[in-house]
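Trainee: Could you take me through the aromatic rings of this model with some care, and then follow the thread outward to whatever else you find worth a close look?

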Amino acid sequence: MKLRVALVGAGNVTRAFLSYWSERNFGIELRIVSVLRQRGIWHGDEPVSIDLDRLPYSSKTDPFHDAQLVIEALPSVYPRGEPATALLKSALASKIDVLTVDKGPLVAAYRQLADAAALSGARLKFCVGGALPAIDVALRDLRGATIQKIRAILNGTTNFILTEMHSSGCSMDDALQTAIDRGIAEPDPSQDLDGIDTAAKMVILVNASMGTDIRLGEVTIRGIRNVNLQDATASNAVWRLVGTFEHNEIHVQPELIPLTDLFARIDGTDKVAEFDTLEMGKLMVIGGASGRMQMGATMTKEILNLYM
């Protein structure tokens with residue numbers, strides 16, 4: 001089958017996905033019919049091997065060009081998620097399926113986007129937390145169960161930094177530099193260190209799983225900048241940046257995790273989400289590697305689930 005795709009954003013994530021898809025045969029031929037980026041809009045009909053930098057962009061106003069699927073990968077902007085939020089609302093209202101890897105519009109307006117999809121019959125899919133399928137587990141495997149609490153480690157950068165500090169006894173600055181050198185941390189890691197990225201992911205996970213409409217400004221957030229290794233040693237514990245949902249509230253903060261707790265064994269860039277349910281007890285999903293190839297694979301999974 002052929003699938004007409006509009007790309008919103010032409011950065012590293014988009015390119016990683018196109019590269020991943022072009023190297024494999026999934027039984028779906030993606031045809032790129034529109035590309036929207038800062039320099040303008042392009043319309044045409046090209047395979048996924050398209051060279052995004054050689055296209056003749058112009059001041060066209062239609063960002064979708066009769067696409068069946070919009071793939072949106074703009075940088076996340078908080079708290080309003082614009083311009084992505086308005087673009088995704090428009091696509092869904094036009095009965096175009098949406099796949100986004102951008103946390104901004106999901107944090108700003110998940111409930112509105114989900115309602116727009118339900119009204120038009122379009123489908124809204126999203127990839128957050130790398131390859132960790134936490135939302136899949138909540139919506140599929142825990143369907144009908146009463147989720148009482150969600151506890152999660154969702155930021156690979158801070159988890160790597162804390163792991164490195166504990167394993168080598170180094171300072172946070174040294175651990176951060178190692179993360180930057182290995183391509184794990186961005187040159188400006190403030191959203192990771194200050195807990196903003198974890199809070200955004202928790203808002204999306206909770207709102208999608210629980211049917212709530214919690215806003216980022218309602219989350220209690222404390223980052224990892226002031227953790228002290230001596231406190232962990234004295235407590236026979238390790239530091240982890242943990243997001244918790246309970247009693248209709250989300251808290252993000254560094255916690256001293258006892259070595260007997262499974263969360264203490266989530267090392268490096270790994271992630272974890274634990275769902276505590278009334279009927280099924282606790283269920284935990286662990287792993288979810290981060291990186292461009294992993295994001296390409298995660299986006300591919302969502303497309304295959306939509307159309308195969």
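Mentor: The structure, which is a predicted model, holds four aromatic pairs. In one of them the rings of Tyr20 and Phe26 have their centres 6.4 Å apart and their planes at 15°, and because planes under 30 degrees apart count as stacked, this pair is stacked. Tyr20 itself is buried, since its relative accessible area is 15% and the cut-off is under 20%. Ring pairs also join Tyr20 and Phe26 with Phe17 and Trp21 into a cluster.

A second arrangement is found in Tyr110 and Phe126, an aromatic pair that is edge-to-face, with 5.7 Å from centre to centre and 80° between the planes. This pair links distant parts of the chain, for Tyr110 belongs to helix α3 (residues 103-120) and Phe126 to strand β6 (residues 124-126), 16 residues apart. Both partners are withdrawn from the surface: Tyr110 is buried, with a relative accessible area of 11%, and Phe126 counts as buried at 11% relative accessibility.

Rings also take part in arrangements with charged side chains. Arg123 lies over the face of Tyr307, at 5.2 Å from the ring centre, while the charged end of Arg151 sits over the ring of Phe263, 3.8 Å from its centre. Arg151 and Phe263 lead us on to Glu274, a residue of strand β11 (residues 271-277), because both of them are among the residues that Glu274 touches. Leaving aside residues up to four places away in sequence, the contacts of Glu274 also include Lys149, Ile150, Lys282, Leu283 and Met284. With a relative accessibility of 11%, Glu274 counts as buried.

Helix α6 (residues 172-181) deserves a look of its own, and its buried residues are Met172, Ala175, Leu176 and Ala179. They cover an arc of only 100° around the axis, so they lie on the same side of α6. The face turned away from that buried side carries the exposed residues Asp173 and Asp181. Among the elements that cover the buried residues of α6 are α5 (156-168) and α7 (190-193). Just after α6, Gly183 takes a positive phi of about 75°.

Conventions: Residues are numbered from 1 along each chain as its sequence is written. This is a predicted model: local features need pLDDT of at least 70, side-chain atom pairs count only at pLDDT 80 or more; totals for chains, interfaces and linings use all residues. Side-chain values use heavy atoms; hydrogens and water are left out. Rings of Phe, Tyr and Trp (its six-membered ring) pair if their centres lie within 6.5 Å; planes under 30 degrees apart count as stacked, over 60 as edge-to-face and the rest as tilted. Buried means under 20% relative accessible area, exposed over 50%, partly exposed in between (1.4 Å probe, protein chains only). Helices (H or I, at least four residues) and strands (E, at least two) are DSSP runs, numbered from the N terminus. A charge sits over a ring if NZ of Lys or CZ of Arg is within 6 Å of the ring centre and within 35 degrees of the ring normal. The arc is that of the directions from the helix axis to the C-beta atoms. Contact means heavy atoms within 4.5 Å.
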